[in-house]
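I opened a notebook page for this protein chain and set myself a short list of things to look up. The overall dimensions come before the details.

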Amino acid sequence: MASFETSVQLSTTAEEIFDFLIDTENILKISPPDTGLAFTNKPDKLHQGAILDFQIQGFGQVQQGSHEIIEFNSPELYIEKQITGPLKSYLHEHHVVANGDNQVTVIDRLEFEPPGGLLGFLITESKLLELFDEGFFHRHNALKAIFN
């Protein structure tokens with residue numbers, strides 16, 4: 001299984017950034033617009049057992065997917081796992097680490113497997129790593145604009 005990790009330092013509290021990140025409208029606000037992310041079913045706020053149904057634009061077509069929040073420990077961590085989607089597997093850990101006075105580090109850790117079959121020739125591990133790097137660069141810059 002392949003992995004990806006990135007982080008961003010923000011001037012806020014763990015509680016404030018965690019509450020921001022679990023609000024599904026905010027997820028859309030910080031996602032790169034070219035991904036075409038749209039929720040087809042979602043709660044207002046993420047919680048243990050929450051299901052997110054979505055569509056996302058990639059590789060010239062719209063992909064459908066569902067993720068479940070399998071672990072939820074406010075304000076430090078939540079983990080989402082792909083139920084259905086374009087990848088063989090996808091697990092996203094969202095960590096919030098308090099660093100002292102009004103400073104936090106948001107850490108995103110992904111474990112994933114590219115799709116199989118013909119789609120696997122297009123969507124390789126290296127291509128996914130490149131896409132994740134670009135996507136989280138956008139996401140972290142959006143968070144910096146809001147919280148720094």
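**Entry 1, overall dimensions.** I began with the radius of gyration: a compact globule of 148 residues would come near 15 Å, and the protein chain has 15 Å, so the two agree. I note at the outset that this is a predicted model. I then looked up the extent of the C-alpha trace, which spans about 50 × 30 × 25 Å along the principal axes.

**Entry 2, secondary structure.** I counted 4 helices and 7 strands in the protein chain, and reading along the sequence I wrote the pattern down as β-α-α-β-β-β-β-β-β-α-α.

**Entry 3, burial, contacts and surface.** I looked up burial for the 148 residues and found that 44% count as buried. For contacts between residues at least 6 apart in sequence, I recorded that 45% join residues at least 24 apart. The protein chain exposes about 7,700 Å², of which carbon and sulfur atoms supply 51%. I also looked at the charges, 9 positive and 22 negative, and noted that their mean positions are 3 Å apart.

**Entry 4, the nonpolar cores.** Which residues touch the most other members of the largest nonpolar core? I found that Leu 10, Ile 17, Leu 21 and Leu 143 do so, in a core of 23 residues. The elements that give two or more residues to this core are strands E1 (2-10), E3 (51-58) and E7 (104-113), together with helices H1 (14-21), H2 (24-30) and H4 (125-147). The largest share, 5 residues, comes from H1. Apart from this core I noted another, of 10 residues, among them Ala 2, Phe 4, Leu 110 and Leu 128.

I followed Leu 21 further and, leaving aside residues up to four places away in sequence, listed its contacts as Ile 27, Ile 30, Leu 46, Tyr 78, Val 96, Val 106, Arg 139 and Leu 143.

**Entry 5, backbone exceptions.** Most residues other than glycine have a negative phi, and most peptide bonds are trans, so I searched for departures from both habits. The peptide bond from Ser 74 to Pro 75 is cis, with omega near 0°, and Pro 75 is found in the loop between strand E4 (61-73) and strand E5 (77-84). Asn 102, although not a glycine, has a positive phi of about 60°; this residue lies in the loop between strand E6 (89-98) and E7. Is Asn 102 exposed, partly exposed or buried? At 42% relative accessibility I entered Asn 102 as partly exposed.

**Entry 6, Gln 103.** I placed Gln 103 in the loop between E6 and E7, and with a relative accessible area of 31% I entered Gln 103 as partly exposed. The C-alpha atoms of Gln 103 and Glu 16 are separated by 11 Å, the two residues being 87 residues apart along the chain. Not counting residues up to four places away in sequence, Gln 103 touches Leu 10, Ser 11, Thr 12, Val 97 and Ala 98.

**Entry 7, His 92.** I located His 92 in strand E6 and found a relative accessible area of 3%; buried means under 20%, so His 92 is buried. The C-alpha atoms of His 92 and Tyr 78, 14 residues apart along the chain, are separated by 8.4 Å. With residues up to four places away in sequence not counted, I listed what His 92 touches: Tyr 78, Ile 79, Glu 80, Asp 108, Arg 109, Leu 110 and Phe 136.

Definitions and conventions: Residues are numbered from 1 along each chain as its sequence is written. This is a predicted model: local features need pLDDT of at least 70, side-chain atom pairs count only at pLDDT 80 or more; totals for chains, interfaces and linings use all residues. Side-chain values use heavy atoms; hydrogens and water are left out. The radius of gyration is taken over C-alpha atoms; the globule rule is 2.2 Å times the number of residues to the power 0.38. Buried means under 20% relative accessible area, exposed over 50%, partly exposed in between (1.4 Å probe, protein chains only). Contact means heavy atoms within 4.5 Å. Accessible areas come from the Shrake-Rupley method with a 1.4 Å probe; for residues, only the protein chains shown count as cover. Lys and Arg count as positive and Asp and Glu as negative; His and the chain ends are not counted. The place of a charge is taken as NZ of Lys, CZ of Arg, CG of Asp or CD of Glu. A nonpolar core is a set of buried Ala, Val, Leu, Ile, Met, Phe, Trp, Tyr and Cys residues joined through side-chain atoms within 4.5 Å.
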